[in-house]
Amino acid sequence: MIRLINVSKTFVTKKGKVEALKNVSLELKKGEIFGVIGHSGAGKSTLIRCINLLERPTSGTVLWNGVDLMSLSPKQLRDARRKIGMIFQGFHLLKTATVYENIAIPLKLSGVSKKNIKERVEKYLDVVGLKDKRDDYPSQLSGGQKQRVAIARALAHEPEVLLCDEATSALDPETTDAILELLLKINEEFGITILLITHEMNVIQKICDRVAVMEKGQIVESGPVLKIFTSPVHETTRKFVNSLFHVQLPQAPSDRRYETGRLVSLFVRFPVGETVLTQVGKRFNVFPHILSGGILHLREGTLGRWVVHFTGDEKEIEQAMLFLQNQGVRIEGVNGREDFNRRIS
Ligand SMILES: Nc1ncnc2c1ncn2[C@@H]1O[C@H](COP(=O)(O)OP(=O)(O)OP(=O)(O)O)[C@@H](O)[C@H]1O
């Protein structure tokens, strides 16, 4: 539905050139929620703004349902943009207009009939749960309520895609969860495709189907969320994934407690994860001790990541590792302790 092909964006500033995007390619599929994560300055905002040409790429192609957006006339581009809604971290509401007017005014400017405006505003205020706030002004609303108004305003144009530019970054964790729930509902009930950018891995975890990790203007890794969380390859991706599991690794190699046995990090999908360590304990003469880790609920399923110290007979431990691998568990040596963890082939 949206395809970026080798998109680059260079800003020319007084201090010199800034390559904000370097040959970025990605495809957004109909009906999915796609997340782009990266640290500050990675190029996320530039990327999302290039999708609807709020920022014109320096080179490359932006395809919208097969049409090159950069080849369109201003009128054609305006029409295409109506199908691409956007919400922002700072909400961008009109301070002197009521909630109702904030949604109605852009519809009026787009030429929607009076009757339709009323119907749509009422419908989408209901969808975002703000019916009773229709006559309030933005200054009377909480951050979460302001973002709901912005979402209703975007939905009122009945877009095919919703672009979310750090939509939850200004909100507290509880309000963030409520807005993420709302985005999920919009995706499921109205079939609206969502592309969001964020620097928070929990946003990716909770609602995304696929994710791309950005660094220095490039996508360094991308794929289905469950796969990326189970087997992150790039160092930046690993750090983002670790940030969610709060995995604490034993200090290596000075800690003598782990000189015997096997110290490993396990990535386990559920339902396998529910029983796999109990099975290991029963089948083999080994004792697994979980040192740290946690369980994450992703849109696609549940994933556990544990740092486990296995003690017991060395041959039995080897068998247990093979058993775990056969159950689909990914086993990684713990940082700096690969010498203790003989390679498992
Ligand atoms: N209009 C601009 N003029 C000059 N440089 C810019 C402009 N917009 C962005 N940049 C630069 O491009 C790079 C990428 O910025 P961008 O805002 O896209 O990153 P980001 O990942 O969204 O970061 P943040 O999360 O902090 O917003 C940065 O080095 C930034 O300073």
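Here are some worked exercises on a predicted model of a single chain with a ligand.

**Exercise 1. Getting oriented**

Find out how many helices and strands the chain has, and what its C-alpha trace spans along the principal axes.

*Solution.* Start with the secondary structure: there are 11 helices and 14 strands in the chain. Next, take the extent of the C-alpha trace, which is about 80 × 50 × 35 Å along the principal axes. Then turn to burial: of the 345 residues, 38% are buried. Finally, look at contacts between residues at least 6 apart in sequence; 69% of these join residues at least 24 apart.

**Exercise 2. The two domains**

Work out where the domain assignment places the domains, and which elements of domain 1 touch domain 2.

*Solution.* Begin with the bounds: domain 1 covers 2–235 and domain 2 covers 257–344, according to the domain assignment. Their C-alpha centres are 39 Å apart. Now count the residues in contact: 10 from domain 1 meet 9 from domain 2. On the domain 1 side, helix H7 (201–207) and helix H8 (225–230) each provide at least two of the touching residues. H8 gives the largest share, with 4 residues. As a last step, sort that side by class: 6 residues are nonpolar, 3 are polar and 1 is charged.

**Exercise 3. The shell around the ligand**

Determine which residues come nearest to the ligand and which element supplies the largest share of the shell.

*Solution.* Take the 13 residues around the ligand and pick out those that come nearest: Phe11, Ala20, Ser40, Ser45 and Thr46. Now map the shell onto the secondary structure. Strand S1 (2–13), strand S2 (16–28) and helix H1 (44–51) each contribute at least two residues, and the largest share, 3 residues, is that of H1. By class, the shell holds 8 polar, 4 nonpolar and 1 charged residues.

It is worth staying with H1 for a moment. This helix is mostly covered, with 7 of its 8 residues buried. Among the buried residues of H1 are Ser45 and Thr46, both of which also belong to the group nearest the ligand. Just after H1, Leu53 has a positive phi of about 60°.

**Exercise 4. One face of a helix**

Check whether the length of H10 agrees with its residue count, then find where its buried residues fall when seen down its axis.

*Solution.* Length comes before faces here. At 1.5 Å a residue, the 12 residues of H10 should span 16 Å, and the end C-alpha atoms are 15 Å apart, so the two agree. Next, list the buried residues of H10: Gly273, Val276, Leu277 and Val280. Seen down the axis of H10, the buried residues fall within an arc of 85°, and therefore they line one face of the helix. The face turned away from the buried side carries the exposed residues Glu274, Thr275, Thr278, Lys282 and Arg283. To finish, ask what covers the buried residues of H10: the cover includes S11, strand S12 (286–297), strand S13 (302–312) and helix H11 (314–326).

**Exercise 5. Backbone exceptions**

Locate the cis peptide bond from Phe270 to Pro271, and place Phe91 and Glu158, which have a positive phi, in their loops.

*Solution.* A reminder helps first: most residues other than glycine have a negative phi, and most peptide bonds are trans.

- The Phe270 to Pro271 bond is cis, with omega near 10°. Pro271 sits in the loop between strand S11 (262–269) and helix H10 (272–283).
- Phe91 is not a glycine, yet has a positive phi of about 70°. The loop that holds Phe91 runs between strand S6 (84–88) and helix H3 (99–109). Phe91 counts as buried because 20 C-beta neighbours lie inside 10 Å.
- Glu158 is not a glycine either, and has a positive phi of about 50°. Glu158 is found in the loop between helix H5 (143–155) and strand S7 (161–165). Glu158 counts as partly exposed because it has 15 C-beta neighbours inside 10 Å.

**Exercise 6. The surroundings of Glu221**

Is Glu221 buried or partly exposed, and which residues is it in contact with beyond its sequence neighbours?

*Solution.* First place the residue: Glu221 is part of strand S10 (residues 218–224). Glu221 has 18 C-beta neighbours inside 10 Å, so it counts as partly exposed. Setting aside neighbours within four places in sequence, Glu221 is in contact with Val213, Ile228, Val233, His234 and Thr237. Take Val233 as an example: it lies 12 residues from Glu221 along the chain, and the two C-alpha atoms are separated by 7.6 Å.

Key. Residues numbered from 1 in each chain as written. Predicted model: local features only at pLDDT ≥ 70, side-chain atom pairs only at ≥ 80, totals over all residues. Near = placed C-beta within 6 Å. Nonpolar A, V, L, I, M, F, W, Y, C, P; charged D, E, K, R; others polar. Domains from an automatic or database assignment. Contact = placed C-beta atoms within 7 Å. Buried ≥ 20, exposed ≤ 12 C-beta atoms within 10 Å, placed from the backbone. Expected span 1.5 Å × (residues − 1). Arc of directions from axis to C-beta.
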